[in-house]
Amino acid sequence: SAASDVYKRQMSDITGSFEGGLNLSAKILGAKGKVLPASLDNITLEAILDDGTKVLGESLIPLKNGKINEINLIPSNAKGSESAKNSLSNADVIIVGPGSLYTSIIPPLLVKDIAKIVKSSKALKIYVCNIATQKGETDLYSVNDHIEAIQKHTYASIFDFIIVDKNFDLPITSHDEQRVKLSKNDLDNPKIIKFDVKSEKHSMRPVSYTHLRAHETREERVW
């Protein structure tokens, strides 16, 4: 959001660097582990809609009228940060999600050297799918729609397992969004694991991220 962008800029100004700003923000917010930038380059997010319309800027993309067909980074040759690349290279497990599909999950995977490391990594790769759809980004999306969008922008069979909320058939009453449904393709997908994502009873729970962050490696998060 615009407010979070202003906040991150302020933290960066205080520390003298974007990465330092992320670390300070993490400490203030009580986040566990390290928060690492996927890239230190100045990047603009571009969405291309089904009708060819282009929308520039993360905060404007969910406000557009039309279905997102493609998401890009400008510049397309943005370099991955050394800290993120080192962390991912040494990871035992890479967890992607949950988070906004087109403005949080996919963007870090568009950084070419980050995607290359993820693809070649021997780590276990897990995608935690959102419980609800997001207005302006994933209206009416099923779990399979989320997976196909990520694979379209990266590569096939990127994940070893996909975690979905086992309560996928129950309606969401807390807000206006719809629950992400399981399609026939999802029901036939042996990689899908049903899990009570919202439960507080588990000793290990998926971590929710925002903005250019998509991976958790041990206790390090890559934005």
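The questions below concern the core and one helix pair of a predicted model. Local features need pLDDT of at least 70 and side-chain atom pairs count only at pLDDT 80 or more, while totals for chains, interfaces and linings use all residues. Residues are numbered from 1 along each chain as its sequence is written, and side-chain values use heavy atoms, with hydrogens and water left out.

User: Which element gives the most residues to the largest nonpolar core?
Analyst: A nonpolar core is a set of buried Ala, Val, Leu, Ile, Met, Phe, Trp, Tyr and Cys residues joined through side-chain atoms within 4.5 Å, where buried means under 20% relative accessible area (1.4 Å probe, protein chains only). The largest such core has 40 residues, of which L101, Y127, V143 and I150 touch the most other members. Helices (H or I, at least four residues) and strands (E, at least two) are DSSP runs, numbered from the N terminus, and those giving two or more residues include α3 (82-89), α4 (101-109) and α6 (143-153). With 5 residues, the one that gives the most is α4.

User: Which residues of α6 does α4 meet?
Analyst: Contact means heavy atoms within 4.5 Å. The residues of this helix contact divide into 7 nonpolar, 2 polar and no charged. From α4 come L101, Y102, I105, I106 and L109, and they meet, in α6, H146, A149, I150 and H153.

User: What share of the residues in the protein is buried?
Analyst: The secondary structure comes to 7 helices and 10 strands. Of the 223 residues in the protein, the buried share is 48%.

Methods
Buried < 20%, exposed > 50% of the residue type's maximum accessible area, 1.4 Å probe, protein only. Nonpolar A, V, L, I, M, F, W, Y, C, P; charged D, E, K, R; others polar.
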